[in-house]
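The following report describes a protein chain, with its cut-offs stated as they come up. It moves from a surface site through a helix and a strand residue to loops and overall values.

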Amino acid sequence: MIRRQRLAAGVCALLAALTAGTAFPAGAVADETEQAAPKVELVLDVSGSMRTRDIDGGSRMAAAKQAFNEVLDATPEEVRLGIRTLGANYRGDDRKEGCKDTEQLYPVGPLNRTEAKTAVATLAPTGWTPIGPALLKAADDLNGGDGTRRIVLISDGEDTCQPLDPCEVAREIAAKGIGLTIDTLGLVPDAKTRDQLSCIADATGGTYTSVRHKEELSDRVGQLVDRAADPVVTPVATEGAAQCEKAPVLKSGLYTDRAEFGRQRWYKVSVNPGQELRTSVSVAADRAVNPDYGVLLRAVTSHGREIVRGEAAGNGRTDVISTGLRYPKPESDDDTAPAETVCLQVTQSFSAGAGVKTTPGLPLELTVDVVDGPSGHHDVASFGLGRGWWLLGALVLVGFLAGLLWGWLPRWRVAVWRTN
């Protein structure tokens, strides 16, 4: 009976070991790659309309100050945070002077919460609403470095400094390819304010949120600041060519470009024998376009022969359209076989609406990934499971041993009962 007890204990120990091995694969290690410090600048509208008392019985300015204080307390240590104002100083009627009224209240850098809160506490609703100039200055404040860069704009009204259209300013910022995102929040917005703030956010891949309560404002600003601390892949600005021969050579990574209406963009990727090219492209409609559009992504040889293509069509219900393709290059018996130059052609059929500017082009995002191609005994013969076979085998073994143990235990208990 003692031997049987030891056998049962041994089987249980084996099951525990297998289960632990399944839950924590030996190859799993922490990614210790250091990320550049993320930068965020909060841009606050301090124009005269912020005196309006329509947010939970208090003024819009009071709600913004409360939100800032809560966000400053919760800002992650790794985030470099700054604050910029618009319309905070000039009280006169000179439009030209009022449209210059933007200043950096707290510089982008390591956060001193006491100093930042003190600076915010001094603000009082004052002047104009120069959103466009403030965004240009904020982009300069965040310039430099490789980390995430994000502007969070909080406003309750339209820009009052036309013809400098803040939506066009956002498009210009996006066209620079510096990876800067603008998120916008509208305080009790009307239709025109909502449209303008939405356009600013869409132009840079950001988000727009309508806010009518203090808690909503605090929560949303906090979420956006926290999001900046999340590790992300920083896109690299590139410029496609009109033909493959002059196209830039891309390596694995994320790239941004501008797709001009009615124009093709060409890029080149080098693929070695035994490797697989995986690529996708997304084109965003950051302005009014006509319905019924599409995007085509082709991989062709340097001689113009098509290898594979991906395509997608839209009908105006979505602002972004994407497609992708895969090209596995067969292995070669010749170890000195040269790499193949694959030409990627991006064609889109967007057309601008009446009176809509066609420059700069639409935002284009291209993902390129060159990886080891599928091997016969892993990816093909394994029915797509690849290296997951070892996990499936371990689970089968665990199930088999558990079944044996489950069937053996009742017999052992009966034997012990008979003995006793």
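Phenylalanine 400 is found in helix H10, which spans residues 389-419; helices (H or I, at least four residues) and strands (E, at least two) are DSSP runs numbered from the N terminus. This is a predicted model, in which local features need pLDDT of at least 70 and side-chain atom pairs count only at pLDDT 80 or more, while totals for chains, interfaces and linings use all residues. Residues are numbered from 1 along each chain as its sequence is written, and side-chain values use heavy atoms, with hydrogens and water left out.

Phenylalanine 400 is exposed, with a relative accessible area of 52%, where buried means under 20% relative accessible area, exposed over 50% and partly exposed in between (1.4 Å probe, protein chains only). Together with Leu397 and Leu404, Phe400 forms a nonpolar patch on the surface, and the three have about 300 Å² of accessible area together. Such patches are made of residues with over 30% relative accessible area and no salt bridge, with like charges joined within 9 Å and nonpolar side chains (Val, Leu, Ile, Met, Phe, Trp, Tyr) within 5 Å; a salt bridge is a side-chain nitrogen of Lys or Arg within 4 Å of a carboxyl oxygen of Asp or Glu. Accessible areas come from the Shrake-Rupley method with a 1.4 Å probe, and for residues only the protein chains shown count as cover.

In helix H4 (residues 113-121), the residues Ala116, Ala119 and Val120 are buried. They cover an arc of only 100° around the axis, which puts them on the same side of H4, the arc being that of the directions from the helix axis to the C-beta atoms. An α-helix has 3.6 residues a turn, so residues three or four places apart point the same way. Thr114 and Ala121, on the other side of H4, are exposed. The cover over the buried residues of H4 includes helix H2 (60-74), strand S2 (80-86) and strand S3 (102-109). At the N-terminal end, H4 is capped by asparagine 112, a side-chain oxygen of which lies 3.2 Å from the backbone nitrogen of threonine 114.

Arginine 265, in strand S10 (residues 264-271), counts as buried at 9% relative accessibility. Its side chain is joined to that of aspartate 257 by a polar contact of 3.3 Å, that is, a pair of N or O atoms within 3.5 Å, of which, within protein, one must be able to donate a hydrogen and the other to accept it, residues adjacent in sequence counting only if both atoms are side-chain atoms. A polar atom of the arginine 265 side chain also lies 3.5 Å from the backbone oxygen of arginine 258. Not counting residues up to four places away in sequence, arginine 265 touches residues including Glu239, Glu260 and Leu344, contact meaning heavy atoms within 4.5 Å.

Two aspartates in loops have positive phi values.

| Residue | Phi | Loop | Relative accessibility |
|---|---|---|---|
| Aspartate 56 | about 50° | between S1 (39-45) and H2 | 44%, partly exposed |
| Aspartate 292 | near 65° | between S11 (275-284) and S12 (293-300) | 60%, exposed |

Proline 360 is found in the loop between strand S15 (340-348) and strand S16 (362-372), and the peptide bond leading to it from threonine 359 is cis, with omega near -5°.

The protein chain has 10 helices and 16 strands, and buried residues make up 42% of its 420 residues.
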